[in-house]
Every structure is written in structure tokens, then in C-alpha cells.
Amino acid sequence: MNNRDGTFTNTTNLAGHGSTTYLPVGWGTSFADLDNDGWEDIFVVNGHLYPEADKFNMGLQYKQTPLVFLNNRDKTFRETSAQLALTQHWKSRGMAVGDFDNDGRLDILINNLDDGPVLLHNQMENTGHWLLVKRIGTKSNRSAIGARLSLRAGDLSETREIKAGVSYLSSNDLRVHLGLGPHAKADLLEIKWPSGFVQRFENVRGDQIVVITEGSDLLRARINP
């Protein structure tokens, strides 16, 4: 945790995922709002370096299950992979997050060593409202890498920075996913482009994919972007 004085504090155990992550060997890792409540969760894929791990009774395994930490909204997380039926073991490395089927729920693509990739389709029930935002730069780079997107919806305040790559040899969906929780609209949606240009949009209806072109009005996406 950033102490805002040039120092940091290790709060891993206090946050509730210290002992859970002690034995697994983590690779692809990402923050992602999996249940659209407006609070980012954590998804981690795992896999040991050496097949010999299975030969010793040390609690280690070569193939390992992914870990899902749902956000408790109080600076702590709870590990819920078993409850979400994620019990299969893989030798995982890369991991990318994106809304594969454009239904507003983030899916997970896992790249496994010596095995085929796995696409985990998010079927979590009772999820909140959402927005999926595609950006098109004109003066800035077309993919808006380096832009910052901010949202306010009721009591929620969220910020996302657009990056080209994340975690271990991976790149997430460049469209920005924002969970709105119980709010059916965003009161304010703001984007700060790398060029320095700022755009603001008010009362943006949720549960849709929108396109923001630098310097132009916000549009609803009519086709799969």
C-alpha cells in the first residue's frame, strides 16, 4: 500500500491472500471486476517450474489451480476459486482478461505450458450494471495507450489507465470495462488523452458498449468492436 510519503507497506496478509498464495507459483495476474460491483477483484494463474514438484510431499504440485480473490470492498479479499468451480489443474503461464462475448462480464483466457489454451466464460449470476468503452485516438495514438479513464456512478469512483501489456507476456482487451454495481448509468465519464485533451460525458446509460473518438461525441457501438 502506498503510504504517500515515498514508502510502501506490505499488506498482503492483512488483505487476506498471504497464506493462500504461499505455495502456488503465480504467473499471469490481473485486477478485474468479475462481478461488476465497481470493485476490482484479482485473478491469478499458477503452475510450478519443475515437474519434480510432484515427487515430494511438500504440498507442491506441478499443475496448479487458478486463484480468484473477490473484493470485500474493505481493502480485503476472499479466495473463491472452488466456489466458482475452478478446480482443474493446469501448467499456466500467460493470462488475458476481456469480454469475449460482449455480455458485460469479463472472461479469462489462459495460456498453458505444453497444453492448449483455456477460455473461462464468466457465468457469475446477480452481477451489476456495466460499461465497456472503446477509444479511438486521433491526435493521440489510435489505441489510446497512456490515456486515463475515470467514472463516477452514485457512490462509486473508478479510474483505469490504458496499457499495451500486463503481467506475464500478456495483453488484456484494450476496451475498458467498468462495473457500475446497482447504478444503471454513469453520472460522469471522463477521458484524459495522451495528447492532453480531456473529454467529459454525463449520464451515460449502462449495460452497453460505447465508442469515444478523440475530439468527437460518444457513440454506442452497433457492431462487435
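**Entry 1: Ala85 and the phi check**

I started with Ala85, which comes out exposed because its relative accessibility is 61%, over the 50% cut-off. The model I am working from is a predicted one. I placed Ala85 in the loop between E4 and E5. What is the sign of phi at Ala85? I got a positive value, near 65°, and Ala85 is not a glycine.

Arg73 turned up in the search too, with a positive phi of about 65° although it is not a glycine either. I found Arg73 in the loop between E3 and E4.

**Entry 2: salt bridges**

I then went through the charged side chains. My count of salt bridges came to nine.

Having Arg73 on screen already, I asked which side chain it meets in a salt bridge. I found Asp37, at 3.3 Å from N to O. I noted that this pair links distant parts of the chain, 36 residues apart. Arg73 is in the loop between strand E3 (67-71) and strand E4 (77-79), and Asp37 is in the loop between strand E1 (26-32) and strand E2 (41-46). I logged Asp37 as buried, because its relative accessibility is 9% and the cut-off is 20%.

Next I looked at Glu190 and Arg200. Their closest N and O atoms are 2.6 Å apart, and I have them down as a salt bridge. I put Glu190 in strand E12 (residues 185-192) and Arg200 in strand E13 (residues 198-205), ten residues apart, and this pair too links distant parts of the chain. Is Glu190 buried or exposed? I read 13% relative accessibility for Glu190, so I call it buried. I call Arg200 exposed, with a relative accessible area of 56%.

I also noted a network here: Glu40, Glu158 and Arg160 are joined into one by salt bridges that share partners.

Another salt bridge I pulled up joins the side chains of Asp187 and Lys185, at 2.8 Å from N to O. I have Asp187 as partly exposed at 30% relative accessibility. Lys185 is partly exposed as well, and its relative accessible area is 35%.

**Entry 3: aromatic rings**

How many aromatic pairs does a search of the whole structure find? I got one. The rings are those of Trp27 and Tyr168, with centres 4.9 Å apart. I noted the planes at 70°, so I filed the pair as edge-to-face, given that over 60 degrees is what that label takes.

I checked where the two rings sit in the chain. Trp27 lies in strand E1, while Tyr168 lies in the loop between strand E10 (156-161) and E11, so the pair ties together parts that are 141 residues apart in sequence. I logged Trp27 as buried at 18% relative accessibility. For Tyr168 I have 33% relative accessible area, which means partly exposed.

**Entry 4: strand E11**

The Tyr168 loop led me on to E11. How many residues of strand E11 (residues 176-181) are buried? I counted six of the six, so the strand is largely enclosed by the rest of the structure. I then sorted the residues by direction. Val176, Leu178 and Leu180 point one way, and His177, Gly179 and Gly181 point the other way. I have all of them as buried. As a reminder to myself, side chains in a regular strand alternate between the two faces of the sheet.

For pairing, I looked at strand E8 (residues 129-136), which runs antiparallel to E11 and is joined to it by five bridges. I noted that His129 stands opposite Gly181.

**Entry 5: the E5-E6-E7 sheet**

Last, I traced an open sheet of three strands, in the order E5-E6-E7 with antiparallel pairing. Which strands are at the edges? I found strand E5 (92-98) and strand E7 (118-120), each of which pairs on one side only. On average I get a turn of 20° between neighbouring strands of this sheet, direction ignored.

I counted three bridges between strand E6 (residues 107-112) and E7. I picked out one residue pair: Leu109 has Leu119, in E7, as its bridge partner.

I met both leucines again when I looked for patches. Together with Phe100, Leu109 and Leu119 form a nonpolar patch on the surface, and I get about 310 Å² of accessible area for the three together. I have Leu119 as partly exposed, at 40% relative accessibility.

Conventions: Residues numbered from 1 in each chain as written. Predicted model: local features only at pLDDT ≥ 70, side-chain atom pairs only at ≥ 80, totals over all residues. Heavy atoms only, no water. Pairing = 2+ DSSP bridges. Helix = DSSP H or I, 4+ residues; strand = E, 2+ residues; numbered from the N terminus. Axes fitted to C-alpha atoms, helices over the stretch in contact; angles between N-to-C directions. Buried < 20%, exposed > 50% of the residue type's maximum accessible area, 1.4 Å probe, protein only. Patch = residues over 30% accessible without salt bridge, like charges linked within 9 Å, V, L, I, M, F, W, Y side chains within 5 Å. Areas by Shrake-Rupley, 256 points an atom, 1.4 Å probe, with all protein chains shown as cover. Salt bridge = Lys/Arg side-chain N within 4 Å of Asp/Glu carboxyl O. Phe/Tyr/Trp six-rings, centres within 6.5 Å; stacked < 30°, edge-to-face > 60°.
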